[in-house]
Amino acid sequence: NAGFVSVNVAWRGMNRNPGLQNIHYEGNTGDFGWNQEGIQRGVLLMLQDPNSGHVVLNPAGGPYNPDTTESKFYYWFNTADTVQRLALIQFVEEQIPAGYYVGLLAFNRPTDTLGYAPRRWASDSLLVGKNLFQVLEGQGAQKVRALTQYPTAPPAYGFIFRKGHPEFLPVDTILFNPDSAVQIRRNFTAKWAQGYFETPQIGPATQWESLLWETEGPDDPSD
């Protein structure tokens with residue numbers, strides 16, 4: 001009964017396999033997959049249910065998924081756009097359930113000098129009284145403000161946190177070198193839906209008419 005959130009922090013287009021993954025192999029790592037999705041830049045989030053460790057799917061045709069035919073394992077925001085930044089703020093604060101685990105990846109290509117536009121984030125405070133730096137710091141991000149300190153294009157960034165649970169050790173990292181990649185990962189306890197049990201041998205008997213199953217209360221009140 002274990003789960004994990006894994007973020008492979010890397011730039012787009014450098015064959016360093018940027019992506020998000022969990023213990024059930026739900027997710028994507030690699031430029032090919034992001035090319036198929038038409039994603040070149042932005043901020044991606046993968047949510048995981050704390051009970052099962054499975055991803056929370058982004059439903060087809062929902063407010064965060066324009067694809068009307070296919071649910072996605074990720075939530076994507078093009079944060080170069082003001083409306084998308086405000087949507088991400090609202091998503092983190094109001095849509096992610098408390099206690100859920102989140103992997104976040106921000107990336108763009110080395111030639112994309114605007115990219116996911118972290119130098120625009122602070123200005124949103126003038127519109128709504130808060131910005132993405134503050135919202136992510138509220139979930140435990142330590143390095144996010146350093147995203148503005150780049151010479152050409154915004155660096156790759158990864159962040160793992162548990163919504164509203166500061167006792168869970170968050171982790172974030174920045175990757176300035178486009179030729180590199182780094183994986184960050186956090187484990188957590190999850191309840192699996194599959195398992196087995198073994199009983200003492202019963203019988204012998206020539207036949208059975210019925211079997212009475214007597215159970216006790218769960219040993220874990222959260223079950």
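1. Among contacts in the protein between residues at least 6 apart in sequence, what percentage join residues at least 24 apart? In this predicted model, the figure is 65%. The chain has 223 residues, of which 44% count as buried. The C-alpha trace spans about 80 × 35 × 35 Å along its principal axes.

2. The secondary structure comprises 4 helices and 9 strands. Read from the N terminus, the order of elements is β-β-β-α-β-β-α-β-α-α-β-β-β.

3. The largest nonpolar core contains 29 residues. Leu45, Phe77, Phe91, Ile96, Trp121, Val144 and Tyr157 have the most contacts inside this core. At least two core residues come from each of β4 (42–48), β5 (75–77), α2 (82–95), β6 (101–107), α4 (132–137) and β7 (156–162). The greatest contribution is that of α2, with 5 residues. A second core, separate from this one, has 24 residues and includes Val5, Ile39, Tyr101 and Ala190.

4. Phe77 merits a separate remark. With neighbours within four places in sequence left aside, the contacts of Phe77 are Gly42, Val43, Leu45, Tyr64, Gln84, Ala87, Leu88 and Phe91. Two of these partners, Leu45 and Phe91, are listed with Phe77 among the residues with the most contacts inside the largest core.

5. Arg12 lies in the loop between β1 (3–9) and β2. Is this charged side chain's residue buried or exposed? Arg12 has a relative accessible area of 0% and is therefore buried, the limit being under 20%. The side chain of Arg12 is joined to that of Asp31 by a polar contact of 2.4 Å, and to the side chain of Asn35 by another of 2.5 Å. Beyond its neighbours within four places in sequence, Arg12 is in contact with Pro18, Asp31, Trp34, Asn35, Ile39, Gln40, Phe107, Asn108, Arg109 and Pro110. Of these partners, Ile39 is also a member of the second core.

6. Two backbone conformations deserve inspection. Most residues other than glycine have a negative phi. Tyr25, however, has a positive phi, near 60 degrees, and Ala117 likewise has a positive phi of about 60 degrees without being a glycine. Tyr25 is placed in the loop between β2 (19–22) and β3 (28–29), whereas Ala117 is in the loop between β6 and α3 (125–128).

7. The surroundings of these two residues can be set side by side. Tyr25 has a relative accessible area of 71% and so counts as exposed, for which the limit is over 50%. Ala117 has a relative accessibility of 2% and therefore counts as buried, which requires a value under 20%.

8. The largest pocket holds about 260 Å³ of space. Its lining is made up of 14 residues, and those nearest the centre of the pocket are Tyr64, Asn65, Pro66, Tyr74 and Trp76. Two or more lining residues are given by β5 and by α2; both elements also supply at least two residues of the largest nonpolar core. By class, the lining has 8 nonpolar, 3 polar and 3 charged residues. Tyr64, named among the residues nearest the pocket centre, is also a contact of Phe77.

Notes: Residues numbered from 1 in each chain as written. Predicted model: local features only at pLDDT ≥ 70, side-chain atom pairs only at ≥ 80, totals over all residues. Heavy atoms only, no water. Core = buried A, V, L, I, M, F, W, Y, C linked by side-chain atoms within 4.5 Å. Buried < 20%, exposed > 50% of the residue type's maximum accessible area, 1.4 Å probe, protein only. Contact = heavy atoms within 4.5 Å. 1 Å grid on protein atoms, 1.4 Å probe; cavity = no way out; pocket = protein on both sides within 12 Å on 5 of 7 lines; lining within 4 Å. Points joined across faces, edges and corners; volume = space filled by probe spheres on them. Nonpolar A, V, L, I, M, F, W, Y, C, P; charged D, E, K, R; others polar. Polar contact = N/O pair within 3.5 Å; in protein donor to acceptor, adjacent residues only side chain to side chain.
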